[in-house]
Structures are given as structure tokens and as C-alpha cells.
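Here is a friendly walk through one model, with attention to its pockets, its sheet and a few loop residues. Have the coordinates open as you read.

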Amino acid sequence: MSFKIRYKPLIDIKINHDYFLDDGTTKFDDLVESQKKIRLSNYNISDYLTITPVLKTQLDLRNHKIVLKKTNRGFMLLVNVDEYTKAGDSSQVFCPKVQPSKDLLLTFELRFKDTYFKNYTNPVEDEENRFYYFSNIRPDGENNSLSIFFKNTKVHTQFLLQPETSRAIMYDIMINEIASIDAKGLENITLINPEDINEPENVALLNTYVQTQKRNGLIGYFRFGIDGRGNNDLLVDDTVEVPNGPDEMMSCLPDNVPDPILRFENRKTLWRYSNIKEDETFITKDEQPLTQNGFIELKRNDFEQPKPKNMFFSNPDKRHVTVEEDNIYSEIFI
């Protein structure tokens, strides 16, 4: 066993957004490596998102010697480890210096801070009583249609909770991970008994709280359990050799660090060009993706009525999006 002070990744989360990383209609994953490097060199999630550990998680991180490291593409959790030799095996394994309990949950709040985030994101659910939940544990009440966030790349729309589960998760986080440390502003929620959470007046109260948080930028929560209920555990049990003592079962890092990628889809809109001087309007037949980079060329037959041959139409930016009945328009004035 080595007594060097060292930190190893516990989990490495990356967040991609099509709006910033795609090149026109070409998806980021389809770009050549040199183009990807250029996109990523100018990409920083802090331009549009904030990630904050809730109060209990802030304490748990300190108490378990886990460091939150924010990166341009997301965040990592680094844990202070000791190095051991597996019992009956010459291989080395790294185990957290402070062994966590199996029921430890680490919760991080995800909010958008860009005023126009909803304009260019395929939609942050407009139904106000639901939010997104990115976790290696599927909560009770949700079926397999709710994805597990642990490996590979998955789209954000796969993680939308049902209203009932949204209320239950919000209640659990507020009561056990925030109010237990500081109940300011949560006095009414703390009065709800767990067995009464589905009473009409409590449903209304929790829905109002979810709606208020969403109006203040809440997208949802990242939440990771040490025990992922199966193949999604952050740590695995290994028997290790302990100097001057018997072999011991410990929770240790797996061979491969979980490195999930969350991909936010960009929104598609109808593009509506308005020539106020000539009192003309040109609208695309089909929705087009909104991107910060690249150029999407529109041909005459892409419009409901053909545009003049000598007229150049620019691509819209993220600022001017209008919802009218069942249609969403990007407004461009020419």
C-alpha cells in the first residue's frame, strides 16, 4: 500500500450542446477531428450553465475528501485514494481514503444562465411540473423509458421525470439534503409529512415550488449513488491486502471510470423572413436547426413561396424566437 496523497477520478461528466458544437446541419460527432478540436477550443459550458452541489453534498464532498473540478465540457469528481494490492492477485487497486457508505448520494443542481437557452434548446420541457434527472439510479415510480446516466452519450430528453416523480424527488432533496442544513424558505415544505405527499394541497404546493425553480433556471439534477443498484455502481467491492493486518473488503475504483456524455439537442424552428419595407414574408416549408456555427443555405423551393433570385437570406440567431399556436418561428428582418 502506498501512502502518497493522490486523487483519482470517481466520475467524469461531459455536457455537449448541438447549438454550440454542430456546424450547420453537420453534427459534431460527424466532424473530422481537426474541426472537433476547433469547436471544443471555443466551448465552455459555463457560458450557459451552472452546476452547484446542494448543501448536504457540499458537506459530503468535504467529509469524504472528494473534489469537484469543473471543466470546459462539464465536471469531474476526484477522490482522495490509497493504493492497495488485491488479495491473491498482484494487480493494484485504488480505494477512497474515506470509505463512503453504500447509501451515499451526491446531488448537483443544474441551471441555465443564458437568457436565450430555451430558444435554442430542443425544448426544456414547457410543462412546468416536470424536470430532468441525470442519475445512475432510476427512481421508484419511473419505468425503463427513463434512461440511466452512467455511460455512453445520451440526449437530455431521455431523462424527463413524470410529474409525480418530480414532486417526490424535489421533496426528498429539499427535506433531506437542503432543509436538514438550512430550512430558510422551505418552511412550508418541511411541514409536509412523507405519507401525505400526494394530498391535493401538498401536490399543489410542490408543483408551485417546482414551477418557481424552473422559472429561475432549473433544468434538473445530477445525482449519483455509490450503490447504483446493479451494474451502475460508482465503486466496486474488492478484497485488498492490508499491511500488518488481515485482508479487508473495501470499496474501490473500478477499472474504467464512468464517463457519461449528456447531449443537449438544438431546437429546430421555421425560419420567417420579413421584409417590412416591401410588406413581404417568406417562411421555410420545414423546420431548420439553430446553430452558432456554420451556414445553412436555403434554396428557392425551401420556402412556402419562392424567394427572389437576387435576395440573400442570412441564418437566424438565438435571440428572436416566437411561438404561435403549434408553430415555432425564428424571426429574421430583411
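The largest pocket is lined by 17 residues, and Leu105, Tyr133, Ile137, Arg223 and Arg229 are the ones nearest its centre. Its volume comes to about 270 Å³. E7, H5 and E9 are the elements that give two or more residues to this lining, and H5 gives the most, with 4 residues. By class, the lining holds 7 nonpolar, 3 polar and 7 charged residues.

Some ground rules will help here. This is a predicted model, in which local features need pLDDT of at least 70 and side-chain atom pairs count only at pLDDT 80 or more, while totals for chains, interfaces and linings use all residues. Residues are numbered from 1 along each chain as its sequence is written, and side-chain values use heavy atoms, with hydrogens and water left out.

As for the terms, helices (H or I, at least four residues) and strands (E, at least two) are DSSP runs numbered from the N terminus. On a 1 Å grid over the protein atoms alone, a pocket is an open set of points with protein on both sides within 12 Å along at least five of seven lines, a cavity is a set where a 1.4 Å probe fits but cannot get out, and lining residues have an atom within 4 Å of a point. Grid points are joined across faces, edges and corners, and a volume is the space filled by probe spheres set on the points. Ala, Val, Leu, Ile, Met, Phe, Trp, Tyr, Cys and Pro count as nonpolar, Asp, Glu, Lys and Arg as charged, and the others, Gly among them, as polar.

What about enclosed space? The structure holds 1 cavity of 30 Å³ or more, and about 40 Å³ of space lies in the largest cavity. Its lining includes Leu10, His64, Ile66 and Leu235, and by class it has 9 nonpolar, 1 polar and no charged residues.

Now to the sheet. Four strands form an open, mixed sheet in the order E2-E6-E9-E7, where two strands pair if DSSP finds at least two bridges between them. Strand E2 (49-53) and strand E7 (132-135) stand at the edges with a single partner strand each, so one side of each has no neighbour in the sheet. From one strand to the next, the twist averages 20°. E2 pairs with E6 (residues 105-112) in the antiparallel sense over 5 bridges, and Leu110 in E6 is the bridge partner of Ile51.

Helix H3 (residues 55-63) lies across E2 and E6, running at about 130° to E6. Helix H5 (residues 163-179) packs on the sheet, touching E6, E7 and E9, and its direction makes about 70° with that of E9. Contact means heavy atoms within 4.5 Å; axes are lines fitted to C-alpha atoms, for helices over the stretch in contact, and angles run from 0 to 180 degrees between N-to-C directions.

Finally, two loop residues have a positive phi. Most residues other than glycine have a negative phi.

| Residue | Phi | Loop | Relative accessibility |
|---|---|---|---|
| Lys65 | near 55° | between H3 and strand E3 (66-71) | 38% |
| Glu325 | near 55° | between strand E16 (321-324) and strand E17 (327-333) | 80% |

Lys65 counts as partly exposed and Glu325 as exposed, given that buried means under 20% relative accessible area, exposed over 50% and partly exposed in between (1.4 Å probe, protein chains only).
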